[in-house]
Amino acid sequence: MAVFLALGLGVLTGTTVLNRGIVTQLEQRTDQLAETSGRLRQEVRDLQTESDRWSQFGEQVMEYVVDGRLAGTEAVLITQEGTDTAGIDRVRQGLDSAGAELRAVLSLDDRLALQNEGDVQELSQILGTGGEDPEELSEVAAGVLADRLAFGVRGPDVLDQLLAAGFLLSRGPGLDAAALEGLGGPEQVVIVVAGGRGRPIIEPQRLLVPLVDSLAEKGAFVMAAEALETDYPFVTLLRSDGAVSGLIVTQDNVDQLPGEMGFVLALENLVIDRRSGHYGVKEGADQLIPPAS
């Protein structure tokens, strides 16, 4: 019994010493983690302060970089319902800062998804085609709209008809009869903006991509842009299109300050000497913004 008692006391004593050692180590690690956490929180605060300063700097420099660069330029903005509004707002702000005149903001309504027979028939009548296949009708619609924007009014105004029927929505400056008649033509630039969260009712490859393709092929000044964060591709689809990628300019982070600055400079290059280019941070971008001339 004495032997067993001695063994028991030895085990108990050893365990107590061992447990105390573990507790001491854990306390030391907790203190180290608390110190590291405090240091990291301070670094985050410092980085946020630096980021805010750079944002303020960028906003102030923006005036010097883009002021008046697009003076005398007339622009038409095309988008679709559900597009990220931050990107659209940045484009409008950039055009205003650069001295351009935004003639219209037109948005493709969800009816152009052609998900019911009534929409198919009505659009077919407007376009003057007997086809009833939704995909073929979408391709025709993109070509007809591109023709109207590239060359202006020629015959019955399909743009007026699409607006009256609700296939297109006016989301910008008022479009009375005179303004509508002056919309489009070879001297105006067309900016197409897409991208956003969730899946769109109308996939870009259904209408917006063919629209940009057709505009470029007709010799129009055309730019494509999207927000940095988007759940579906638009700009990258056009960059990989060898037929038109060398005819257009793109900006893939237009909702951010560098993207706003980049799209203005890229548009200036396009208007002055038809210099194409792809800018931003995503696949296919040449640089963040256009290089200095």
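Three bridges join strand E2 (residues 101-108) to strand E3, and the two run antiparallel. This is a predicted model, in which local features need pLDDT of at least 70 and side-chain atom pairs count only at pLDDT 80 or more, while totals for chains, interfaces and linings use all residues. Residues are numbered from 1 along each chain as its sequence is written, and side-chain values use heavy atoms, with hydrogens and water left out. Helices (H or I, at least four residues) and strands (E, at least two) are DSSP runs, numbered from the N terminus.

## The sheet

Let us stay with the pair E2 and E3 for a moment. Leu106 stands opposite Ser170 in E3. Helix H5 (residues 158-165) packs on the sheet and touches both E2 and E3, with its direction making about 85° with that of E3. Axes here are lines fitted to C-alpha atoms, for helices over the stretch in contact, and angles run from 0 to 180 degrees between N-to-C directions.

On the other flank of the discussion is strand E1 (residues 74-80), which is joined to E2 by seven bridges in a parallel arrangement. Within this pairing, Leu77 has Val105 of E2 as its bridge partner. Two strands are taken to pair if DSSP finds at least two bridges between them.

What is the strand order of the open sheet? Its seven strands follow E3-E2-E1-E4-E5-E6-E7, with mixed pairing. Strand E3 (168-170) and strand E7 (277-279) stand at the edges with a single partner strand each, so one side of each is left without a neighbour in the sheet. Direction ignored, neighbouring strands of this sheet are turned by 20° against each other on average.

E2 is mostly covered, with seven of its eight residues buried. Buried means under 20% relative accessible area, exposed means over 50%, and partly exposed lies in between (1.4 Å probe, protein chains only). Ala104 lies in this strand and is buried, with a relative accessible area of 0%. Leaving aside its neighbours within four places in sequence, Ala104 is in contact (heavy atoms within 4.5 Å) with Ala75, Val76, Leu77, Pro173, Leu175 and Leu183. Of these partners, take Leu77: it is 27 residues from Ala104 in sequence and 6.2 Å away in space, C-alpha to C-alpha.

## Two helix pairs

Helix H3 (residues 117-127) packs with H5 at an angle of about 160°, and their axes are 10 Å apart. H3 and H5 are therefore roughly antiparallel to each other. For such labels, angles under 35 degrees count as roughly parallel, over 145 as roughly antiparallel, 65 to 115 as roughly perpendicular and the rest as oblique. H3 passes H5 in a right-handed crossing; a crossing is right-handed if the near helix is turned clockwise from the far one by less than a right angle, and left-handed if anticlockwise. From H3, the contact draws on Glu122, Leu123, Ile126 and Leu127, and from H5 on Val158, Gln161, Leu162 and Ala165. By class, this contact of H3 with H5 has six nonpolar, one polar and one charged residues. Ala, Val, Leu, Ile, Met, Phe, Trp, Tyr, Cys and Pro count as nonpolar, Asp, Glu, Lys and Arg as charged, and the others, Gly among them, as polar.

Now for helix H4 (residues 134-151) and helix H7 (residues 208-217), whose axes come within 8 Å and cross at roughly 45°. H4 and H7 are therefore oblique to each other, and their crossing is right-handed. Here Ala142, Gly143, Leu145, Ala146, Leu149 and Ala150 in H4 meet Pro210, Leu211, Ser214 and Leu215 in H7. The residues of this contact divide into eight nonpolar, two polar and no charged.

## Residues outside the strands

The table gathers four residues and their surroundings.

| Residue | Place | Relative accessible area |
|---|---|---|
| Leu114 | loop between E2 and H3 | 6%, buried |
| Glu117 | helix H3 | 43%, partly exposed |
| Asp157 | loop between H4 and H5 | 15%, buried |
| Arg274 | loop between helix H9 (257-273) and E7 | 44%, partly exposed |

Most residues other than glycine have a negative phi. Leu114, not a glycine, has a positive phi of about 55°, and Arg274, also not a glycine, has a positive phi of about 55°. Leaving aside its neighbours within four places in sequence, Asp157 is in contact with Arg148 and Leu180. As for Glu117, its C-alpha atom is separated by 33 Å from that of Met223, 106 residues apart along the chain.
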